[in-house]
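Visitor: Before we look at anything in detail, I would like to hear the reasoning behind each label that you use. Could you take me through it step by step?

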Amino acid sequence: MKHRYDLLIVGGGMVGATIAAALGHTDLNIAVIDQAYPPPFVAGSEHDLRVSALSVASENIFKTLGVWDGIISRRACPYQRMKVWESDEQRAATEFVSQDIGADHLGFIVENRVIQLALLERLGQLENVDLICPAEIDDIDYSPGCSLIRLADGRELIGKLMVAADGGGSKVRMAAGIGVHSWDYDQHALVASVITAKPQQDITWQQFTPSGPRAFLPLSGHRASLVWYNHPAEVKRLLSLDSEAFIQALVTAFPDRLGALDTLLERGAFPLRRQHALQYVKEGVVLVGDAAHMINPLAGQGVNIGLLDAATLAEVLVDGHHSGLDMSELSLLQRYEQQRRHHNLMMMQLMDSFYRVFSNDVLPLKLLRNIGLGAAERFTPAKHRVMRFAMGLEGQLPALARGEPIGV
Ligand SMILES: Cc1cc2nc3c(=O)[nH]c(=O)nc-3n(C[C@H](O)[C@H](O)[C@H](O)COP(=O)(O)OP(=O)(O)OC[C@H]3O[C@@H](n4cnc5c(N)ncnc54)[C@H](O)[C@@H]3O)c2cc1C
């Protein structure tokens with residue numbers, strides 16, 4: 001059986017589902033296809049391993065789309081402070097405090113599943129969106145203006161515009177013949193969720209070391225997510241330790257500020273890759289989120305820039321639709337690429353600079369870094385700008401990220 005749509009969004013993850021939610025009030029006919037529906041959230045259950053630091057810009061997007069209540073009513077942990085240092089926390093650290101710029105908070109730490117569930121719940125309320133999930137894709141046939149997706153159950157979906165929101169290994173991107181520029185970082189991220197002796201905290205902090213940063217992300221209650229960036233072989237060794245030895249290794253390696261750890265709940269490792277699609281658009285196809293770019297997560301920006309892609313694309317499509325343009329038209333899609341590519345590239349390069357400048361033990365560089373961190377602490381205008389940057393509020397923002405609805 002053949003089903004026709006204006007948009008076929010492949011991937012109902014955080015980014016793909018946001019695009020569908022943003023186009024929910026339009027007369028565009030949309031299908032969102034995902035291979036798996038996330039398990040339901042159970043209040044009081046332990047936190048998932050995968051969490052994201054959501055910027056204020058991302059929060060604005062979700063609030064404007066009516067998704068934020070679904071997130072906050074499940075579980076999210078706000079943070080008001082952010083601290084960064086290298087060797088000397090007492091003398092060469094920079095601490096950012098939301099109050100200094102009159103803000104309630106700098107961001108929220110939220111489980112990825114909670115974000116996705118709130119989004120999918122919202123899609124279920126939208127008449128113009130079909131959520132096809134779980135679905136197994138057999139074949140993707142890219143054809144400008146009328147691409148075809150064959151599902152394993154025999155259904156055939158035809159769409160004017162195919163949206164690749166299916167993550168770093170995007171099959172849509174491959175079907176459209178769009179290449180990538182990519183390399184692996186010589187670090188993996190070892191993520192551990194733990195029970196801390198200290199109660200819920202309002203700070204996220206990161207210590208840079210030559211082998212990679214060590215980061216603390218607060219969760220609700222006595223819970224925290226720790227991220228330990230390290231060489232792949234060392235991460236493998238740490239993962240092979242039993243829970244007790246692993247906790248001991250965490251307490252030894254992480255700064256004293258961490259305090260005592262009661263229990264290890266879960267741990268896992270993620271290889272880190274930098275990847276950028278050679279183009280974001282072709283006639284009848286567009287890439288968003290990790291399908292377009294994967295960046296080093298050391299400053300927690302990946303999904304935040306993906307959500308800005310989603311908000312920008314939705315705005316461009318609504319404008320084009322109002323002007324009578326076809327969704328597949330290249331000139332329309334290029335407006336999206338023009339607004340996002342440069343911004344995403346800058347963010348990738350910034351993360352690379354952090355990675356290169358801090359991941360070494362060269363003495364002159366170390367001195368410069370510590371002088372820099374100490375000076376940054378005293379230079380208020382720069383601190384305020386960095387805070388606004390971390391909150392996703394610097395530069396040109398799409399309407400949804402400013403808290404303004406689109407197309408009405
Ligand atoms: C250790 C780590 C920590 C991170 N921390 C942060 C952070 O603090 N803040 C932040 O902003 N970012 C963070 N990131 C990055 C963030 O996780 C990603 O940028 C984000 O998940 C990308 O979202 P996405 O929707 O584009 O892709 P994905 O999350 O990969 O979602 C893709 C969706 O497509 C579906 N899919 C894939 N293939 C198919 C198929 N063939 N058929 C049907 N469906 C398919 C999947 O099921 C999934 O639902 C972190 C990343 C890592 C590795």
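Guide: Gladly, and please keep in mind that this is a predicted model. A search of the whole structure finds 7 aromatic pairs, and one of them is formed by Trp-205 and Phe-216.

Visitor: What makes the pair of Trp-205 and Phe-216 stacked?

Guide: The angle between the planes is 10 degrees, at 5.3 Å centre to centre; ring centres have to lie within 6.5 Å to pair, and planes under 30 degrees apart count as stacked, so both values meet the criteria for a stacked pair.

Visitor: Why is this pair said to tie together parts of the chain?

Guide: Trp-205 belongs to strand β13 (residues 203-207) whereas Phe-216 belongs to strand β14 (residues 214-218), so the pair joins parts that are 11 residues apart in sequence. Both Trp-205 and Phe-216 are buried.

Visitor: Why is the pair of Trp-228 and Phe-254 called edge-to-face?

Guide: Its planes are 90 degrees apart and its centres 5.8 Å apart; since the edge-to-face class takes planes over 60 degrees apart, with centres within 6.5 Å, the pair of Trp-228 and Phe-254 falls in that class. Trp-228 lies in strand β15 (residues 223-230) and Phe-254 in the loop between α7 (243-253) and β16 (261-277), so this pair ties together parts that are 26 residues apart in sequence.

Visitor: How do you know whether Trp-228 and Phe-254 are buried or exposed?

Guide: Buried means under 20% relative accessible area; Trp-228 has 4% and Phe-254 has 2%, so each counts as buried. Ring pairs link these two residues with Trp-85, Trp-205 and Phe-216 into a cluster.

Visitor: What makes Arg-50 a residue whose charged end sits over a ring?

Guide: The charged end of Arg-50 is 4.6 Å from the centre of the Phe-270 ring, and the distance limit is 6 Å, with a further condition of 35 degrees from the ring normal. Arg-267, likewise, lies over the face of Phe-246, at 4.6 Å from the ring centre.

Visitor: How do you know that Arg-50 also makes a polar contact with the ligand?

Guide: A side-chain N or O atom of Arg-50 is 3.1 Å from an oxygen atom of the ligand, and a polar contact requires N or O atoms within 3.5 Å, so the pair qualifies. Backbone N or O atoms of Ala-53, at 2.8 Å, and of Gly-302, at 3.3 Å, also approach ligand oxygen atoms. The protein covers 83% of the 1000 Å² of accessible area that the ligand has on its own.

How values were computed. Residues are numbered from 1 along each chain as its sequence is written. This is a predicted model: local features need pLDDT of at least 70, side-chain atom pairs count only at pLDDT 80 or more; totals for chains, interfaces and linings use all residues. Side-chain values use heavy atoms; hydrogens and water are left out. A polar contact is a pair of N or O atoms within 3.5 Å; within protein, one must be able to donate a hydrogen and the other to accept it, and residues adjacent in sequence count only if both atoms are side-chain atoms. Accessible areas come from the Shrake-Rupley method with a 1.4 Å probe; for residues, only the protein chains shown count as cover. Rings of Phe, Tyr and Trp (its six-membered ring) pair if their centres lie within 6.5 Å; planes under 30 degrees apart count as stacked, over 60 as edge-to-face and the rest as tilted. Helices (H or I, at least four residues) and strands (E, at least two) are DSSP runs, numbered from the N terminus. Buried means under 20% relative accessible area, exposed over 50%, partly exposed in between (1.4 Å probe, protein chains only).
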